[in-house]
Structures are given as C-alpha cells and as structure tokens.
Number of protein chains: 2
Amino acid sequence: MQFSSRFTIATHTLLCIAMFQEEYKVTSNFLAGSINVNPVVIRNILGQLSASELVEIKAGVGGAYLAKSPDEITLLDIFKAVEKEESLFHFHENPNPECPIGRTIHTVLDNKIDTIQSAMENKMAETTLSQLLEGAKKNM
Amino acid sequence: MQFSSRFTIATHTLLCIAMFQEEYKVTSNFLAGSINVNPVVIRNILGQLSASELVEIKAGVGGAYLAKSPDEITLLDIFKAVEKEESLFHFHENPNPECPIGRTIHTVLDNKIDTIQSAMENKMAETTLSQLLEGAKKNM
DNA sequence: TATAGTTGTAACAAGATTAGTTACATCAAT
DNA sequence: ATTGATGTAACTAATCTTGTTACAACTATA
C-alpha cells in the first residue's frame, strides 16, 4: 500500500504556484506540463487544494494563486487536503467478543495507532512550503 | 488511502498466539474465529509472519508459535511483515526537467518523505508485543 | 456581443489491490 | 489409512488510482 501520487503532485503544484504566480498565469495546462500528468488530474487536485483554502482559482480567466503565505502552508496541510481518510489504518471490523483478545484488541491497539499516525503527521507539520521553495531555488 | 487490515489482523494473530500457545494448539481456524475473518486470510498472513520469522507453523499437525520472545517483536516488525512497499509515498514518475520545479522536486522532497516515513516507523518500533500482551491481560 | 482560453465535472476504461470464498493437494501424528 | 491441518491456486466483487475524452459554464477582451 502506498499513498496516491496526489500528495506529491499537490506539493509540486503548490511549489510551481509559489514560484511562478507573480510572473505567469499558472494554469492546469502549465502545471500538467511541469508535472507530466493529464490536466484533468491537476484540476481535480486544485479543486481539493481550493476546498482546503490553500489556493484560489480564477474561474473563467484561469490561473491558480496561493491563498496563504508559503510559510503558513505545511506538508500536513497538503496531505490532509488530498487524503481524506481520518484513520491511517483499516481495523478489522468485528473481532469476537468471546475471545479475550478479540474483546480487548481495540482497547489495546487503538491509541497506539493514533500515536503512530500523530508521529507521522507531526513530522509533516514541521516542513513548510517556504522551506521547500528555498530548497528548490538553491538547486535550480 | 488506508493500510489494509492485514496489519491489525497480524497483530491480533500474534497476540492470540502469545496468549494461548501454551494452552491450546492455535490454528488458523481458531484465529479466524477470534478475528472474525476467513481462515484463508489468516493462513496467508501467517505465511507472511512466518517468512519474516516472527512465527513458526507446524505443517501437517498444525498450530502457530512465536519464533521470538514477545519483547523482541515490535509493531514495526509486524508492519514490515505484511506491508511490502519500500516507500510509503507514490511519487509521480516523470516531472518535466525543463521546469525549474520539475527539475528539483525530487532533490527537495525525497528526504522529507524519508523523514516522515522514519517518524512513523520509529514510533511503531517503540511498542512491543509484550507491552500489548500486558495491556490485554489487564483489560480481560 | 462573440470569441478564446480556462475551469469544473461527468463519464468511461484499465489496472491494481483488498477481502471473501471454494477447492484441493500435501503434510504429519496417531 | 485416517484425521485434521496447512499451503496455495482460482475466482469473485468491490474499491481506488490514473488516464482520458467530452462538454457546459465562466470571464476578460476584442
């Protein structure tokens, strides 16, 4: 199991917008060219980023713009915009309550799972779009 | 996107083996009853746990046994036994090298992604099967 | 007002994965 | 030999991902 490429595509998208929004009109076609995927995939992801208020999109005239400063957008914000499952782990639904383990497995495992997910999310929250932008500019 | 239930099923499986291996012969049918899934699902997961040398299975006569002490088995060991993808994130394959962002996106993002995955895995490694077993016994 | 470029979205397809299920060959103790 | 178990193949249904075509709706501008 892997997370879909929506996360890296969305991050790439936001980096392009941050880099070019002052110079060009950043359209789904331009983004599709940089990322090398179909423009409809980009438009769907832009829709998710827009719903999470990370970008604003000019209907009709076209173009995407950051809705926040790059240092207010973290990888966690991006991840949550494109991955909507609340829990990372799919727990088997109906353990047998007549088995001592079946009875207690949720009590024992649920908060461990939460802790693991939080560890991942906290690490994601440490990186901002502006840090990535700095890195990109250094390596251009 | 969610991880498949193999992870929680495998954890449940190992907890049952740890709890009952001294008393009963823990078969795939017994485990299927506690976890409430098809025995073939259990046999496949037991095969993965066996390949990762977490359990030993008696062919013919039947029954699964821990191959290590419960304090030597962590949630990370279990996770790696049942989730074989090396990277958690699916990176879009062919960013455009003619775009400054397309050219640098891997340089900028790859090690962030590794760090995020490591944060999750390190947290998984903190919990052992013996800790879970303690918790289960307390809540029986 | 008509045009052009763009977004939003529906619809469809191919491929992968998950989970459930049946079936059966194989194995080992008795 | 019998019995009870494991290992595994095969098939199904459901879901998700990604790519794609098509087209309605929108807005600046000529």
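**A friendly note on the two chains and DNA strand C**

1. Start at the centre of the pair: B:Met120 is the residue of chain B that comes closest to the rotation axis, with its C-alpha at 2.5 Å. Keep in mind as you look that this is a predicted model.

2. Now try placing one chain on the other. Chain B superposes on chain A after a rotation of 180 degrees, with 0.0 Å of shift along the axis and an RMSD of 0.0 Å. The two copies are therefore related as by a two-fold rotation axis. Both copies also use the same surface, since 100% of the contact residues of chain B recur in chain A.

3. How many residues of chain B are in contact with chain A? There are 52, and they meet 52 residues of chain A. On the chain B side, the elements giving two or more residues are helix H1 (6-20), helix H2 (28-35), helix H5 (100-125) and helix H6 (129-138). H5(B) gives the most, with 15 residues. Sorted by class, this side of chain B has 27 nonpolar, 21 polar and four charged residues.

4. Next, turn to the DNA. Around DNA strand C there are 27 residues, of which A:Ser28, A:Gly62, B:Ser4, B:Val40 and B:Gly60 come nearest. Two or more residues of this surface come from each of helix H2 (28-35) and helix H3 (39-51) of chain A, and helix H3 (39-51) of chain B.

5. Which element gives the largest share of the surface near DNA strand C? That is H3(A), with six residues. The classes here are eleven nonpolar, 14 polar and two charged residues.

Conventions
Residues numbered from 1 in each chain as written. Chains lettered and ligands numbered in written order. Predicted model: local features only at pLDDT ≥ 70, side-chain atom pairs only at ≥ 80, totals over all residues. Contact = placed C-beta atoms within 7 Å. Helix = DSSP H or I, 4+ residues; strand = E, 2+ residues; numbered from the N terminus. Nonpolar A, V, L, I, M, F, W, Y, C, P; charged D, E, K, R; others polar. Near = placed C-beta within 6 Å. Least-squares fit on C-alpha atoms with pLDDT ≥ 70 in both.
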